[in-house]
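I am opening a notebook on this protein and will write down what I look up, topic by topic. The entries begin with empty space inside the fold and then turn to strands and helices.

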Amino acid sequence: MEKIYKNGYDFFFWPYEPQTKIKHFVFTEYFDKWVTIVGKWNDLNYFDCFAGSGAYIENDKIHYGSPILAAEVIEKNKENLDRKVTIVLIEKDKNNIENICKLFKHRGLNTEPIIIEGSFDAEINKLLDETKGNLKPTFFFIDPFGFKIKFQTLQRIMAIPKSEILLNFMFTQVNRFLIDELEDTLNDLFGCKDWKALKTLSGTEREQGIVNLYRTKLKEFSKFAFPYRLSFSDRDRTYYYLFHLTNNLKGCSIMKSAFAKFNYGKVEFSGPKHGCLTLFDNKDMKVSEIKQFLVEKYKGQTKRYEDILIEIIDSELFLEAGIKTALKEMEGKEAKIARNPELTEKGRKRKSIDLNDAVTF
């Protein structure tokens, strides 16, 4: 990555790609909520597993990377939470580590990160061996340049209670190097040899095959696994996917909302089409699409609202807010909603839709 120096600053920057900016917006939005919600009852850890340089520049404007953004979120919430939050940065490049240390001082952060110089996989497995996985709830941000990520390591991480992963799955490179010469690396990545069946595919079928296989494998140990597609900024072609792994329904739902907040209501960054809305991006059209989906999937059935979410929140593009809107519009027509409890604490008839409510289609 090109190092950029700027007069008056004793640290260097990397160029800021539009996808990276979106990634940082979403990460900050979600991590702030994760710290607030999970930190209400627990001390926490944040692991930045490929910490990088920590600073970016775009048209002479300075931006900060995930180690700094995470520390700022933690310090913002420190007084209200009164919880200990430990930041661990893993980085194998000494220059990057020195840069990040300068950045913490430059930003006036009081947080003292634990810095581990080394490679992600070796260091994290060593830590998991030493602690036997007995860690506080931990958010892992895994953002490598390549795809030497091991399925078994992710599985070990997700065994830590209340922990989550935001993972950069470098689709472009995986797609390019889906070859027998890298068999060991690909076996480690997918946790199986099924990727070999995808080699002869092409185009969209190949991309969907790769992403679906990876997601299916991740769901062996993560209750929810949603892939967010990010295109190149100058062409409508997939650059990489951000996979969010969580065992918490609310976490999956909040992350989708966080991503949509910065992508015009969509759960993808569509590169040159970013911000170009079609007729089907219209709110009414989206709700209409959700209604049709629900009727076709659940016709004749009665389902708890929570079960509906569990079944579709990480397999469909719909946001939870859209699902609720659709159900409210369907109530008394295509759907009957039995609320449990029927009344609010003040004795009024409840109109909201909650997890324990039953929907008959």
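**Entry 1: the cavity.** Before I list any lining, I note that a cavity is a set of grid points where a 1.4 Å probe fits but cannot get out, and that a residue counts as lining if it has an atom within 4 Å of such a point. I also note that I am working with a predicted model. I searched the whole structure and found one cavity of 30 Å³ or more, and the space in this largest cavity comes to about 30 Å³. Its lining consists of F147, I149, L167, N168, F169, M170, L189 and Y214. I then asked which strand gives the most to this lining. The answer is β8, residues 164-169, with three residues. By class, the lining has seven nonpolar residues, one polar and no charged.

**Entry 2: the largest pocket.** Next I looked up the pockets, which are open, unlike a cavity. The largest pocket has a volume of about 1000 Å³, and of the 30 residues that line it, F226, V267, E316, L317 and F318 lie nearest its centre. At least two lining residues come from each of α8 (203-218), β9 (224-231), α10 and α12 (320-330), and α8 gives the most, with six residues. I counted 12 nonpolar, seven polar and 11 charged residues in this lining.

**Entry 3: the second largest pocket.** Here the space is about 860 Å³, and 42 residues form the lining, with F50, D143, P144, F145 and G146 closest to the centre. Among the elements that each supply at least two lining residues are helices α1 (18-38) and α2 (66-81), together with strand β10 (238-246). The classes in this lining are 19 nonpolar, 14 polar and nine charged.

**Entry 4: strands β1, β3 and β4.** I reminded myself that strands of a sheet pair through backbone hydrogen bonds, either parallel or antiparallel. Strand β3 (residues 55-58) shows both cases, since two bridges join it in parallel to β1 (residues 14-15), while four bridges join it in antiparallel fashion to β4 (residues 61-64). Residue I57 of β3 is a useful place to look, as it stands opposite P15 and also opposite I62 in β4. The hairpin of β3 and β4 has two residues between the strands, and in it N59 takes a positive phi near 50°.

**Entry 5: a three-stranded sheet.** Which strands form an open sheet, and in what order? I found three, in the order β12-β14-β13, with antiparallel pairing. β12 (302-304) and β13 (336-338) each have a single partner strand, so one side of each is left without a neighbour in the sheet. On average, neighbouring strands here are turned by 25° against each other, with direction ignored. Three bridges join β13 to β14 (residues 358-360), and A338 stands opposite A358 in β14.

**Entry 6: two packed helices.** Two packed helices are described by the angle between their axes and the distance between the axes. For α10 (residues 283-298) and α11 (residues 305-312) I noted an angle of about 100° and axes 13 Å apart. Angles of 65 to 115 degrees count as roughly perpendicular, and α10 and α11 are therefore roughly perpendicular to each other. At the contact, F293, L294, K297 and Y298 of α10 meet I308, E311 and I312 of α11. These residues divide into five nonpolar, no polar and two charged.

Conventions:
Residues numbered from 1 in each chain as written. Predicted model: local features only at pLDDT ≥ 70, side-chain atom pairs only at ≥ 80, totals over all residues. Heavy atoms only, no water. Axes fitted to C-alpha atoms, helices over the stretch in contact; angles between N-to-C directions. Parallel < 35°, antiparallel > 145°, perpendicular 65-115°, else oblique. Contact = heavy atoms within 4.5 Å. Nonpolar A, V, L, I, M, F, W, Y, C, P; charged D, E, K, R; others polar. Pairing = 2+ DSSP bridges. 1 Å grid on protein atoms, 1.4 Å probe; cavity = no way out; pocket = protein on both sides within 12 Å on 5 of 7 lines; lining within 4 Å. Points joined across faces, edges and corners; volume = space filled by probe spheres on them.
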